[in-house]
Amino acid sequence: MSNLGTSENPLLVAIIGSGPSGFYAAEALIKSDIEVNVDIIERLPSPYGLVRSGVAPDHPKLKTAINLYKKIADDPHFNLIANVTVGEDISIEELSETHHAIILTYGAETDRKLGIPGEDLKGSYTATEFVGWYNGHPDHRELEFDLSQDIAVIIGQGNVAADVSRILSKTVDELKNTDIAQHALDVLSESKLKEIHIIGRRGPAQAKFTPKELREFGELSDCNPIILKEDLELNDESKKELEEKSNITNRKIYDQFSVFSEREIDTNKSKKCFFRFLMGPKEIIGDVKMEKIVLEKNELSGEPFKQSAKGTGETIEIDTSILFRSIGYHGISMPGVPFHESWGTIPNEKGRVTENNGDTVNQLYTAGWIKRGPSGIIGTNRACSAETIQCLLSDLEKLDTSVKKLGASEIYSKLDNKKVRHVNFNEWSQIDAKEVALGEPKGKPREKFTYIEEMLSVIE
């Protein structure tokens with residue numbers, strides 16, 4: 001019989017990824033009735049995942065979840081091991097020797113592809129790249145975005161597309177007191193963009209914005225939201241969708257589109273943001289870099305709430321050399337872990353990692369976007385992580401206790417032997433405090449370090 005989870009033999013869990021799902025998994029473990037020590041392993045020196053590097057800088061309220069994560073980190077059973085890449089600095093196999101269980105919560109790190117000719121031409125970007133760039137993510141610090149032209153195109157009509165479009169539409173004065181990275185603010189201050197086109201493959205009744213995010217376009221100081229009245233005409237199936245009482249969100253979105261269509265254009269504003277529907281990207285044309293995008297007009301078919309968009313063969317072209325695709329995130333594989341390539345997730349059953357044939361993989365669990373796909377809001381990850389932890393705790397008797405696990409101390413030994421500079425939560429707190437101090441004279445909540453070397457240099 002195993003005594004795992006007692007003070008003599010605490011459950012040792014390694015969590016890979018320090019975003020919301022990782023912290024919520026740690027919280028659920030710490031609040032359980034057993035003795036447990038949790039080590040969160042993070043690739044960057046900074047924790048919090050997309051709450052730090054994905055939430056738009058002009059939406060600070062969404063970042064208040066960090067206050068809860070700090071409280072979780074204060075617990076003596078919590079430990080952060082940052083600036084460590086699993087699969088390079090330490091392997092899944094090594095972690096299986098140091099911990100009883102491993103929870104993969106590293107999210108969905110890239111974007112889905114459009115799958116059209118010319119997609120990889122210079123000037124064609126993922127939304128993730130642009131979001132990471134203006135949020136100061138070290139992976140995207142060296143990217144360059146040419147905003148010296150008139151037109152930008154965004155493919156997709158979800159909240160990430162809204163963030164990208166809104167940041168492109170705002171003035172420096174609207175952004176300067178946020179935590180936007182200084183290098184991004186400098187480039188945006190020189191922007192010559194006059195038009196932003198937000199393209200949706202389906203109709204206005206199926207757009208995936210939130211009503212609040214959509215309303216913000218009507219409050220921009222130097223940009224007119226533009227929707228043609230004829231583009232709001234609906235087929236019978238879309239009308240039935242909006243008539244459903246349970247579909248109140250899409251009704252609000254459609255009503256807001258209607259408000260925009262009735263507004264007079266403010267000629268004192270220098271930019272226009274066009275919401276365009278029933279169009280899909282067909283081809284990106286250019287030599288070395290993109291010069292235009294070809295869009296095919298779509299029509300909807302199918303039952304209400306099951307309508308699909310199909311091309312009509314009629315195309316239009318937009319001259320532009322900058323495009324952002326925002327059609328959903330996609331997970332990436334990790335060495336030593338099963339992966340479902342087409343889904344972009346780790347195959348699992350309620351958080352228990354499985355082989356593609358359905359067999360459970362001992363010791364491995366998953367939570368968050370890499371478990372279920374990129375859906376929901378920050379808080380959605382709490383229930384997702386709790387489900388996984390419930391399964392893990394019910395599996396205690398199945399976990400191997402024949403060899404004593406040493407947890408973090410053995411990880412540190414392995415990393416030190418490889419000369420890997422790991423960062424704990426107290427050291428991250430020094431970086432955090434310095435960022436806040438640098439932002440204060442600028443009237444910003446913080447000025448983020450955008451290079452890993454800068455972060456590490458702050459640690460005493």
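In the predicted model, glutamate 195 has lysine 272 of strand 10 as its bridge partner. This pair belongs to the parallel pairing of strand 8 (residues 195–199) with strand 10 (residues 271–276), which extends over 5 bridges. Lysine 272 is also the bridge partner of asparagine 224, and strand 10 is joined to strand 9 by 4 bridges, again in the parallel sense. Both pairings fall within an open sheet of 6 strands, ordered 6-14-7-8-10-9, in which the pairing is parallel. Strand 6 (124–126) and strand 9 (223–226) occupy the edges of this sheet; each has a single partner strand, so one side of each lacks a neighbour in the sheet. From one strand to the next, the twist averages 20 degrees.

The edge position of strand 9 does not leave its residues accessible: Cys223 and Pro225 point one way, Asn224 and Ile226 point the other way, and all are buried. In a regular strand, side chains alternate between the two faces of the sheet.

Two helices lie across the parallel sheet. Helix 5 (residues 127–134) lies across strand 6 and strand 14 (323–325), and runs at about 70 degrees to strand 6. Helix 6 (residues 159–169) lies across strand 7 (151–155), strand 8, strand 9, strand 10 and strand 14, with an angle of about 165 degrees to strand 7. Of the 11 residues of helix 6, 9 are buried, so the helix is largely enclosed by the rest of the structure. The buried residues of helix 6 are Ala161, Ala162, Asp163, Val164, Ser165, Arg166, Ile167, Leu168 and Ser169.

Isoleucine 167, a residue of helix 6, has a relative accessible area of 0% and is therefore buried. Apart from its neighbours within four places in sequence, isoleucine 167 is in contact with Pro57, Asp58, Phe130, Tyr134, Leu175 and Leu188. The C-alpha atoms of isoleucine 167 and isoleucine 180 are 9.9 Å apart in space, with a separation of 13 residues in sequence.

A further open sheet contains 7 strands in the order 3-2-1-4-18-17-16, and its pairing is mixed. At its edges stand strand 3 (78–82) and strand 16 (348–349), each with a single partner strand, so one side of each has no neighbour in the sheet. Strand 2 (residues 36–42) is joined to strand 1 by 6 bridges, the two running parallel; in this pairing, valine 36 of strand 2 is the bridge partner of leucine 11. Strand 2 is also joined to strand 3 by 5 bridges, likewise in the parallel sense, with leucine 80 of strand 3 as the bridge partner of isoleucine 40. Helix 14 (residues 408–417) lies across strand 2 and strand 3, and runs at about 15 degrees to strand 3.

For strand 1 (residues 11–16), 6 of the 6 residues are buried, so the strand is largely enclosed by the rest of the structure. Leu11, Val13 and Ile15 point one way, whereas Leu12, Ala14 and Ile16 point the other way, and all are buried. Two of these residues, Ile15 and Ile16, are touched by threonine 105, which is placed in the loop between strand 4 (101–104) and strand 5 (110–111). Threonine 105 has a relative accessibility of 3%; because this value is under the 20% cut-off, threonine 105 counts as buried. Beyond residues up to four places away in sequence, threonine 105 also touches Gly17, Ser21, Gly22, Ala367 and Ile370.

The second largest pocket has a volume of about 320 Å³. Its lining comprises 16 residues, of which Lys63, Ile66, Asp179, Pro445 and Arg446 lie nearest the centre of the pocket. Helix 2 (50–53), helix 3 (65–73) and helix 15 (425–439) are the elements that give two or more residues to this lining. By class, the lining of the second largest pocket is made up of 8 nonpolar, 7 charged and 1 polar residues.

Notes. Residues are numbered from 1 along each chain as its sequence is written. This is a predicted model: local features need pLDDT of at least 70, side-chain atom pairs count only at pLDDT 80 or more; totals for chains, interfaces and linings use all residues. Side-chain values use heavy atoms; hydrogens and water are left out. On a 1 Å grid over the protein atoms alone, a cavity is a set of points where a 1.4 Å probe fits but cannot get out, and a pocket is an open set with protein on both sides within 12 Å along at least five of seven lines; lining residues have an atom within 4 Å of a point. Grid points are joined across faces, edges and corners, and a volume is the space filled by probe spheres set on the points. Ala, Val, Leu, Ile, Met, Phe, Trp, Tyr, Cys and Pro count as nonpolar, Asp, Glu, Lys and Arg as charged, and the others, Gly among them, as polar. Two strands pair if DSSP finds at least two bridges between them. Axes are lines fitted to C-alpha atoms, for helices over the stretch in contact, and angles run from 0 to 180 degrees between N-to-C directions. Contact means heavy atoms within 4.5 Å. Buried means under 20% relative accessible area, exposed over 50%, partly exposed in between (1.4 Å probe, protein chains only).
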